[in-house]
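User: Hi! I'm new to reading structures, and I'd like a close look at the inside of this one. Which residues touch the most other members of the largest nonpolar core?

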Amino acid sequence: MSTTYVALFLFFLLSGYSALPLEGDGEDVDIAPDDLDNSIDGDGDGTIDISHLGANAYGTPTNESGHSVANWTESSLMNPEEMGEYAEGDILIPKPRGRNGISHETLRWPGGIIPYVIEGHFNQQQRDMIRMAIADYHRLTCLRFVPYKGQQDYITIQSRNTGCWSSVGRIGGRQEVNLQSPGCVTKKGTVLHELLHAIGFMHEQSRPERDDFVNIIYNNIRPGTENNFRKEDKKNTNDFGVSYDYNSVMHYSEYAFSRNSQKTIEPKVSGYKLGQREGLSRGDVRKVNNMYKCKKEGTDIEGDKKREPSTGWLGGIWQSLFGGNKDSE
Ligand SMILES: [Zn+2]
């Protein structure tokens, strides 16, 4: 193909792309109609056990957590979602809920469909970051974030000064995912991380078998935050067929809740770095697809790459148009 044709093709590609809502100031990530055929088996009526969080998961958003995140920069040792006063740093089911008392269970999203609306104040770059995170779920999993149009259960993405936090799974009714600006919308992995909580996942290092894979260094943990390193009960958890994943976007960083800038958690195997927030790992993708009974196999998964810079906006466009790997094709 001559360069003229390539140039023409790119011109049509880009001019066509600019008509898509991703470029506009609308809030929705529009998806192609065939993307709605998300190939999920079953009704997604599963429950998710959150009993290991106990009463800690229920509370009120706090400005103290917001102050910490306001001081976060990309050169900080820990991730912003590890700075909150919430259960494990960023898990919060706001009180009061319609249900009585504390529930030990939460729910999956039926059919993997998650109605959402962005109501926080984000600049264009930050909105694009949120859209890119959602586009990753659409590209790699069967989950579908659809614009909120009065559905009973939905996510609202907020930007209050209360840190980065989310509930776990579908708690019923309107539920918030808070992404304080700019700290929680600086890295795509933080957005992916909070959405993964809302989708139904916990932190990787709270897996029951984690002591086989990481050392927790209790001497370095800030007093009063030791609870954040609790493990889930083995009999209540489901690993969805994915072994312990150092690359998970749900793994704490090495300095999470450190009192002295020394490591609080380190891999037992050398050569791994914990707490990446570049993208979903292969394990993250598989777990989502297994929880939601989706047969999709993701490719081009950023969380497993070696800190490569993203391929930029053109790469993003290319991937969103051509990079999808639908299992039906
Ligand atoms: Zn988290």
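Analyst: A nonpolar core is a set of buried Ala, Val, Leu, Ile, Met, Phe, Trp, Tyr and Cys residues joined through C-beta atoms within 7 Å. Buried means 20 or more other C-beta atoms within 10 Å of the residue's own, exposed means 12 or fewer, and partly exposed is in between, with C-beta atoms placed from the backbone. This is a predicted model, where local features need pLDDT of at least 70 and side-chain atom pairs pLDDT 80 or more, while totals for chains, interfaces and linings use all residues. Residues are numbered from 1 along each chain as its sequence is written.

Now to your core. It has 66 residues, and those touching the most other members are A57, I91, I130, A133, L143, V191 and L195. Two or more residues each come from β5, α3, β7, β8 (164-166), β9, α4 and α5. Helix α3 gives the largest share, 8 residues. These labels are DSSP runs numbered from the N terminus: helices are H or I of at least four residues, strands E of at least two.

Take A57 as one example. Leaving out residues up to four places away in sequence, A57 touches I50, A87, I91, L92 and I93; contact here means C-beta atoms, placed from the backbone, within 7 Å. So A57 touches I91, and both are on the list of best-connected core members.

Next, look at the strands that contribute. β5 (residues 113-118) and β7 (residues 154-158) run parallel, joined by 3 bridges; strands pair if DSSP finds at least two bridges between them. Across this pairing, I118 stands opposite I157 of β7. On to the next pair: β7 is also parallel to β9 (residues 174-179), with 5 bridges between them. There, T156 has E176 of β9 as its bridge partner.

The helices come next. In α5 (residues 282-291), 8 of the 10 residues are buried, so the helix is largely enclosed by the rest of the structure. The buried residues include G283, V285, V288 and M291, but also D284, R286, K287 and N289. Those buried residues pack against α3 (124-140) and α4 (188-199). Just after α5 comes K293, whose phi is positive, near 55°.

Helix α4 also holds H197. An unreviewed UniProt entry lists H193, H197 and H203 under "binding site"; such annotations may be inferred rather than shown by experiment, and their positions follow the numbering used here, with feature names shortened. H197 is buried because 24 other C-beta atoms lie within 10 Å. Apart from residues up to four places away in sequence, H197 touches I91, S166, S167 and V168. That brings us back to I91, one of the best-connected core members. H203 sits in the loop between α4 and β10 (214-216). It is buried too, because 26 other C-beta atoms lie within 10 Å. With residues up to four places away set aside, H203 touches E88, M250 and Y252.

For contrast, try N123, in the loop between β5 and α3. N123 counts as exposed because it has 11 C-beta neighbours inside 10 Å. N123 and P182 are 59 residues apart in sequence, yet their C-alpha atoms are 9.3 Å apart in space.

Finally, zoom out. The protein chain has 6 helices and 11 strands, and 44% of its 329 residues count as buried. Among its contacts with a separation of 6 or more, 77% join residues 24 or more positions apart.

Note on methods:
Two residues are in contact if their C-beta atoms, placed from the backbone, lie within 7 Å.
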